[in-house]
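This briefing covers the internal cavities of a protein model and the packing of one of its helices. Please have the sequence and the model open while reading.

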Amino acid sequence: MAALVPDPCGTILVRGERAVETGLLLKRRVPSRVIIIQTADPSRWEGADSLVDHLISKDETVLPARPDALVFAGNSASFQQQTTSADGVIPDSCWAVLAAVTPDPANLSGPWIPARAESRETWHLGLWYALDPLPESRAMDLLKQQRFGEALQMLRLITIPADRATQILRERLIITCIHELACRGVFSLSFALSLAQRHWFSLLALNGETEQEFHIMADLWVRCGDGESAAKLLALASEKNAPCPPLAARTSAIRAHPDAPPPWPKKVLFILPRRAHYGLDVLYEGLCDVLGDRNVVDFPWKPTLHGQIDPALANYPCQINRGADAIPFTDLLEQTRTGRFDLLLLGVLESDEWEPEMAELVKAADERTPIVLADALDEMDNFREAAGILAGTRNFMAYLKRERIRTFDYGPDAIPFPFAYPDRLVPDEKTVLRSERDIPLFWAGKPHGTRRHWLERARQITGLSLNETYPPDQYK
């Protein structure tokens, strides 16, 4: 909850059954803010009043300072009563309301717009912003004051989409803030580019990009040492379809690796997400080809790797059917403890896909079995530290990295990890040569990111629509 308190807030008013505990936590996290706690029995908390700015009775109507934000922690029915009844009205000065309630989610009607909603067991977090001023208007005022960090913090707390025009403005403001913070040295260049890229793709998906954002993103690429990527973006932004400008010099942070790789493992434990995952699933099948099905153990055991076809993947050409049976977890844990595996491949790097049993297996393997990170995510970020926190170890022999920026330093033994394609699906060369091949250009994929712009150029040049879809056999 503390991480969701809107910033900036000069004064925070805290109410609810858990007001004192919550107020003390907030004061510890943001000591520069004025914290006012309203509680039913202030005398019960004698001694705590010195730790916050004001500890007052629930019945007091005149507040010692004008709060910018209301924070509520307690029962959802009590929240509804305190925010709608005449004696519990939200102070006019508050532009944000953050509530952690149980057992039911709370709504806040009237002149408030929902900005965020999260649930964890019986607790529900809600964040609302005032309609006047709108968060985007407030953000623009903060930008004029060059308070870019505060504007960015406020806008990135909003996860509930707005109408298209508002969402476009939001993404443009966020990209501007990130760029300014990078130019001022507040953000590292690699972090700024990674963060800006996510919001850049969101803006492209909304078809709301302008030439200004092309130049901002190009400048971030140049600052990161990759003039080639910057030149491509500037070429797309040019109204005259100008060719790419001369490429700027670029540096490389890719480190050399020993000529002699470690010996091939005989038996591998592969921890994968439960969902279908192209990069990791194809890697699993390749390991089965090399080592044998029974020498590559997938956990959790995934039916789609063993012949079950997911209806959602009906057009997916890479259906996999390997023969290894599921191993009971207790047996698998014992095998890991006793060193039956030569290598543990860790392919789960996101917290929402992490399961407690995975941590047990990693702990059993740590310092006994080499552990390698297999990062097949769509992100350019360095997930080594995040994976270490999830797994409870930083003892990684290597880091296989798919989306890799040539000028970023991903640490020791970071190895480029491109996608593969199952060899069994590649048609026989003689069959291909005999087939009729009358399509000059083939495009497959979603028009994600700047692909829409490249496709528009390709259509102009070729006169092709490039919007056909193909069944799996024809795609292969």
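Two cavities of 30 Å³ or more are found in the structure, which is a predicted model. The largest cavity holds about 60 Å³ of space, and the second largest holds about 40 Å³.

**Largest cavity**
- The lining is made up of Ala 276, Asp 281, Thr 304, Leu 305, Leu 313, Tyr 316, Cys 318, Gln 319 and Ile 320.
- By class, six of these lining residues are nonpolar, two are polar and one is charged.
- Asp counts as charged, so Asp 281 is the charged residue of this lining.

**Second largest cavity**
- Val 297, Asp 298, Trp 301, Ala 324, Asp 325, Ala 326 and Ile 327 form the lining.
- Five residues of this lining are nonpolar and two are charged, with no polar residue.
- Because Asp counts as charged, the two charged residues are Asp 298 and Asp 325.

**Helix α3**
- Helix α3 spans residues 135-144, and its buried residues are Pro 135, Glu 136, Ala 139, Leu 142 and Leu 143.
- These buried residues lie on the same side of α3, because they cover an arc of only 115° around the axis.
- The packing partners of the buried residues of α3 are two strands, β6 (112-120) and β7 (123-130), and two helices, α4 (148-156) and α5 (164-183).
- After α3 comes Gln 146, which has a positive phi, near 60°.

Definitions and conventions
Residues are numbered from 1 along each chain as its sequence is written. This is a predicted model: local features need pLDDT of at least 70, side-chain atom pairs count only at pLDDT 80 or more; totals for chains, interfaces and linings use all residues. Side-chain values use heavy atoms; hydrogens and water are left out. On a 1 Å grid over the protein atoms alone, a cavity is a set of points where a 1.4 Å probe fits but cannot get out, and a pocket is an open set with protein on both sides within 12 Å along at least five of seven lines; lining residues have an atom within 4 Å of a point. Grid points are joined across faces, edges and corners, and a volume is the space filled by probe spheres set on the points. Buried means under 20% relative accessible area, exposed over 50%, partly exposed in between (1.4 Å probe, protein chains only). Helices (H or I, at least four residues) and strands (E, at least two) are DSSP runs, numbered from the N terminus. The arc is that of the directions from the helix axis to the C-beta atoms. Contact means heavy atoms within 4.5 Å.
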